[in-house]
Amino acid sequence: MQRLGHVVWQTTKYRESLDWYLGHLGLIVSDFLYYPRQRERGPVMSFIRCDRGGTPADHHTLALTLGPANRYVHSAYQVADLDALAAGGEYLRELGYDRSWGIGRHIQGSQIFDYWRDPDGFLVEYFRDGDLFDHTLDPGWAPMTASGLAQWGPPATRDFLGVKPGSQALRELRAIVNALRQDNECDFERLRGLLKVATS
């Protein structure tokens, strides 16, 4: 592993959080995602990079996504090359760890990715070969769909999308009910859009 590349956080107050990171840390948006047929309501996910002026920076150092609970989603670690990524996956499999999704190539950011679960169940991404942009790139816009998460590779798994049966599904259902009761951006239409993404 060479370095920490990015982290992904889910928030019930996406727009407020996005404005905070852009306003206080000087980050800029590379790409926005919106729920299909909800673009007029604005984005629900953003890939945010460091503003290094004319010096290119990673497509994203932070990604924020709207969801029914405030939580860490995953962290991503850069490896030397595709061989290191594949060999690392074989090593993790031999040790009995579970691949969540991969190997494939993302669309936003273009990283070659491989997702795994650590011993505590946290999601970890290993990646290589991501896009670099300077401050002149305008943000892209795309619909958020399960099939739109990768250029190539296996379909996104239920584990990666967070719709695995069992205690994880019950925890998500509780989070959805709680989100609908609170003052945040997770209203019924937004949650319906999220469920469509998870089951698409």
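These legends accompany several views of one protein chain, shown as a predicted model.

**Figure 1. The whole chain, with its five helices and twelve strands.** Let us start with the overall picture. Along the principal axes, the C-alpha atoms fill a box of roughly 45 × 45 × 25 Å. The radius of gyration is 17 Å, which agrees with the value near 16 Å for a compact globule of 200 residues. Of these 200 residues, 45% count as buried. Among contacts with a separation of 6 or more, 65% are between residues 24 or more positions apart. The chain exposes about 10,600 Å², and carbon and sulfur atoms supply 55% of that area.

**Figure 2. The largest pocket, with a volume of about 1,200 Å³.** Which residues are the closest to the centre of this pocket? They are Gln 10, Val 73, Phe 160, Leu 161 and Gly 162, out of 46 lining residues. Helix H4, spanning residues 167-181, gives the most to the lining, with eight residues. Sorted by class, the lining has 26 nonpolar, twelve polar and eight charged residues.

**Figure 3. Lys 13, in the loop between strand S1 (3-11) and helix H1 (14-25).** Here is a good place to look at neighbours that come from elsewhere in the sequence. Leaving aside residues up to four places away in sequence, Lys 13 touches Asp 183, Asn 184 and Glu 185. Another residue to find in this view is Gly 67: 54 residues separate Gly 67 from Lys 13 in sequence, while their C-alpha atoms are 8.5 Å apart in space. Lys 13 has a relative accessibility of 35%, so this residue counts as partly exposed.

**Figure 4. Gly 26, in the loop between H1 and strand S2 (27-34).** At the other end of H1 from the previous view, take a look at what surrounds this glycine. Gly 26 touches Tyr 21 and Asp 51, when residues up to four places away in sequence are not counted. Is Gly 26 buried or partly exposed? With 39% relative accessibility, Gly 26 counts as partly exposed, because the value falls between the 20% and 50% cut-offs. If you zoom out, you can also find Gly 121, which is 95 residues away along the chain; the C-alpha atoms of Gly 26 and Gly 121 are separated by 32 Å.

**Figure 5. A cis peptide bond between Gly 102 and Ile 103.** Keep an eye on the backbone in this view. The omega angle of the bond that joins Gly 102 and Ile 103 is about -5 degrees. Ile 103 has its place in strand S7, which covers residues 99-106.

**Figure 6. Ser 110 and Asp 129, two residues other than glycine with positive phi values.** Where does each of them sit? Ser 110 is in the loop between S7 and strand S8 (112-117), and Asp 129 is in the loop between strand S9 (123-128) and strand S10 (132-133). Phi is near 65 degrees for Ser 110 and near 70 degrees for Asp 129. Their surroundings are worth a look too. The relative accessible area of Ser 110 is 13%, which is under 20%, so Ser 110 counts as buried. Asp 129, with a relative accessible area of 42%, is partly exposed.

Definitions and conventions
Residues numbered from 1 in each chain as written. Predicted model: local features only at pLDDT ≥ 70, side-chain atom pairs only at ≥ 80, totals over all residues. Heavy atoms only, no water. 1 Å grid on protein atoms, 1.4 Å probe; cavity = no way out; pocket = protein on both sides within 12 Å on 5 of 7 lines; lining within 4 Å. Points joined across faces, edges and corners; volume = space filled by probe spheres on them. Helix = DSSP H or I, 4+ residues; strand = E, 2+ residues; numbered from the N terminus. Nonpolar A, V, L, I, M, F, W, Y, C, P; charged D, E, K, R; others polar. Rg over C-alpha atoms; globule rule 2.2 N^0.38 Å. Buried < 20%, exposed > 50% of the residue type's maximum accessible area, 1.4 Å probe, protein only. Contact = heavy atoms within 4.5 Å. Areas by Shrake-Rupley, 256 points an atom, 1.4 Å probe, with all protein chains shown as cover.
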